[in-house]
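I opened this entry to keep track of what I looked up, and in which order. Salt bridges come before the nonpolar residues.

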Amino acid sequence: MDPLSLEVVELIGTVVGRYYEEYERAAAEHSLTGAQARVLGLLALEPMPMRQIAHKLKCEPSNITGIVDRLEARGLVERRPDPADRRVKLAAPTPDGLTTATDLRDSLNFAREPLAELSAEERTALRDLLKRMLGA
């Protein structure tokens with residue numbers, strides 16, 4: 001790998017590491033694990049079956065079942081039938097779960113502050129480059 005590519009990879013790794021550190025800290029402030037916070041944040045976007053959550057988070061469905069069980073016990077998530085297929089159960093945030101997910105997202109300053117220093121054009125270019133790297 002050429003030196004420039006190596007530096008880019010190291011910088012991306014540093015950004016990801018800092019994001020996860022802040023995410024874990026924000027989750028802990030709500031007495032959640034990082035995994036629970038990630039599931040709750042995903043469900044705040046849209047209710048979905050456990051298998052889809054596992055696919056998006058790249059983990060085993062059995063792990064998601066345990067996480068959803070714990071979130072449900074705290075009143076942050078509920079299971080409900082999928083209106084499109086009553087055989088499928090969706091995990092969905094409760095009103096308290098939505099509030100917690102919003103609080104979590106709002107407390108993540110790591111990316112917000114550095115991105116605010118970039119112009120709209122620079123943020124757009126960064127977004128487009130990241131999408132291209134991901135094949136989107």
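**Salt bridges**

I began with R79, which counts as partly exposed at 26% relative accessibility. The model is a predicted one, and I read each value below as computed from it.

Next I looked up the partner of R79. Its side chain meets that of E72 in a salt bridge, at 2.4 Å from N to O. E72 is partly exposed as well, because its relative accessible area of 32% falls between the 20% and 50% cut-offs.

I then asked how many salt bridges the structure holds. The count is eight.

I went on to R80 and found a salt bridge with E78, the closest N and O atoms being 2.7 Å apart. R80 has a relative accessible area of 32% and is partly exposed. E78 is also in the partly exposed class, with 31%.

Another pair I noted is D128 with R127, a salt bridge in which the closest N and O atoms are 2.8 Å apart. I have D128 as partly exposed at 38% relative accessible area, and R127 as partly exposed at 42%. I also recorded one network, in which E22, R25 and E29 are joined by salt bridges that share partners.

**Nonpolar core**

I turned to the largest nonpolar core, which has 23 residues. Which of them touch the most other members? They are L32, V39, I53, I64 and V68. Helix 1, helix 2 (34-45), helix 3 (50-57), helix 4 (61-73) and helix 5 (95-106) each supply at least two residues of this core. Helix 2 gives the most, with five residues.

I listed the contacts of V68, leaving out residues up to four places away in sequence. V68 touches V39, M50, I53, V77, R79 and A91. R79 thus appears twice in my notes: it is touched by V68, and its side chain forms the salt bridge with E72.

**Nonpolar patch on the surface**

In soluble globular proteins, nonpolar side chains tend to be buried together. I therefore checked for nonpolar residues on the surface, and a patch is there, formed by L4, V8, I12, V16, Y19, Y20, L115, L126, L130, M133 and L134. Together they have about 1,000 Å² of accessible area.

I looked up where the patch residues come from. Helix 1 (3-29) and helix 7 (120-133) each supply at least two, and helix 1 gives the most, with six. I took V16 as one example: V16 lies in helix 1 and is partly exposed, with a relative accessible area of 39%. V16 can belong to the patch because its value is over the 30% required of patch residues.

Definitions and conventions: Residues numbered from 1 in each chain as written. Predicted model: local features only at pLDDT ≥ 70, side-chain atom pairs only at ≥ 80, totals over all residues. Heavy atoms only, no water. Patch = residues over 30% accessible without salt bridge, like charges linked within 9 Å, V, L, I, M, F, W, Y side chains within 5 Å. Areas by Shrake-Rupley, 256 points an atom, 1.4 Å probe, with all protein chains shown as cover. Salt bridge = Lys/Arg side-chain N within 4 Å of Asp/Glu carboxyl O. Helix = DSSP H or I, 4+ residues; strand = E, 2+ residues; numbered from the N terminus. Buried < 20%, exposed > 50% of the residue type's maximum accessible area, 1.4 Å probe, protein only. Core = buried A, V, L, I, M, F, W, Y, C linked by side-chain atoms within 4.5 Å. Contact = heavy atoms within 4.5 Å.
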